Amino acid sequence: MAGEQPETRIYFNPKCSTCRSVDGVLKEHGIDAEYVRYLDDAPDRIELQGLMMLLGIKDPREMMRRKEPIYSELDLDAADPETLLAAISKHPVLLERPILVRGRRAVIARPPERALELLDD
């Protein structure tokens, strides 16, 4: 249908100020989104692979918080992609945030203004 908004999802941590900033950007633009509280309901490997496709990345590290202590504790620097995806599923704190998905595209909204890349469609 013409004028229909694409589906919008945000991987969201309410304690994260950047996530809250992106939430404000969405509200300013009148966009309703599904809020995925990934720390409470960790994404599985298939969901993570889908995010990678939407983000246009091949290496899971590009959507990982590599400065999190668990990253070094698990010695993930040389890990293969399957190991990295399993680590994110088991330790969702490793997933970078916020990730904004709109239609068939996604961005890691750091800084929050990156969200605008998907809102101008």
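Start with Leu95. Setting aside neighbours within four places in sequence, Leu95 is in contact with seven listed partners: Tyr11, Tyr38, Pro43, Leu48, Met63, Arg65 and Ile88. This is a predicted model.

**The cores**

Leu95 belongs to the largest nonpolar core, which has 25 residues. Leu95 is among the members that touch the most others, along with Tyr11, Met63, Leu76, Leu94 and Ile99. Several elements build this core. Each one in the table supplies at least two of its residues.

| Element | Residues |
|---|---|
| Helix 2 | 45-55 |
| Helix 3 | 69-73 |
| Helix 4 | 81-90 |
| Strand 3 | 99-102 |
| Strand 4 | 105-108 |

Helix 2 gives the largest share, five residues. Apart from this core lies another one, of 14 residues. Its members include Ile10, Phe12, Ala115 and Leu118. There is a general pattern behind such groups: in soluble globular proteins, nonpolar side chains tend to be buried together.

**The chain as a whole**

Now step back to the fold. The chain has five helices and four strands. Along the sequence, these elements follow the pattern β-α-β-α-α-α-β-β-α. Contacts often span long stretches of sequence. Take the contacts between residues at least 6 apart in sequence: 60% of them join residues at least 24 apart.

How does the radius of gyration of the chain agree with that of a compact globule? A compact globule of 121 residues would have a radius of gyration near 14 Å, and the chain has 14 Å, so the two agree. The C-alpha atoms fill a box of roughly 45 × 30 × 20 Å along the principal axes.

**Inside and outside**

Of the 121 residues, 45% count as buried. The chain exposes about 7000 Å². Carbon and sulfur atoms supply 49% of that exposed area. Charges can be tallied too. The chain carries 18 positive and 23 negative charges, and their mean positions are 2 Å apart.

**A closer look at Glu68**

Glu68 is found in the loop between helix 2 and helix 3. Is Glu68 buried or exposed? Its relative accessibility is 19%. Buried means under 20%, so Glu68 counts as buried. Leaving aside neighbours within four places in sequence, Glu68 is in contact with Val93 and Leu94. Leu94 is itself a member of the largest nonpolar core, and one of those that touch the most other members. That contact brings the loop residue Glu68 back to the core where this report began.

Note on methods
Residues are numbered from 1 along each chain as its sequence is written. This is a predicted model: local features need pLDDT of at least 70, side-chain atom pairs count only at pLDDT 80 or more; totals for chains, interfaces and linings use all residues. Side-chain values use heavy atoms; hydrogens and water are left out. A nonpolar core is a set of buried Ala, Val, Leu, Ile, Met, Phe, Trp, Tyr and Cys residues joined through side-chain atoms within 4.5 Å. Buried means under 20% relative accessible area, exposed over 50%, partly exposed in between (1.4 Å probe, protein chains only). Contact means heavy atoms within 4.5 Å. The radius of gyration is taken over C-alpha atoms; the globule rule is 2.2 Å times the number of residues to the power 0.38. Accessible areas come from the Shrake-Rupley method with a 1.4 Å probe; for residues, only the protein chains shown count as cover. Lys and Arg count as positive and Asp and Glu as negative; His and the chain ends are not counted. The place of a charge is taken as NZ of Lys, CZ of Arg, CG of Asp or CD of Glu.
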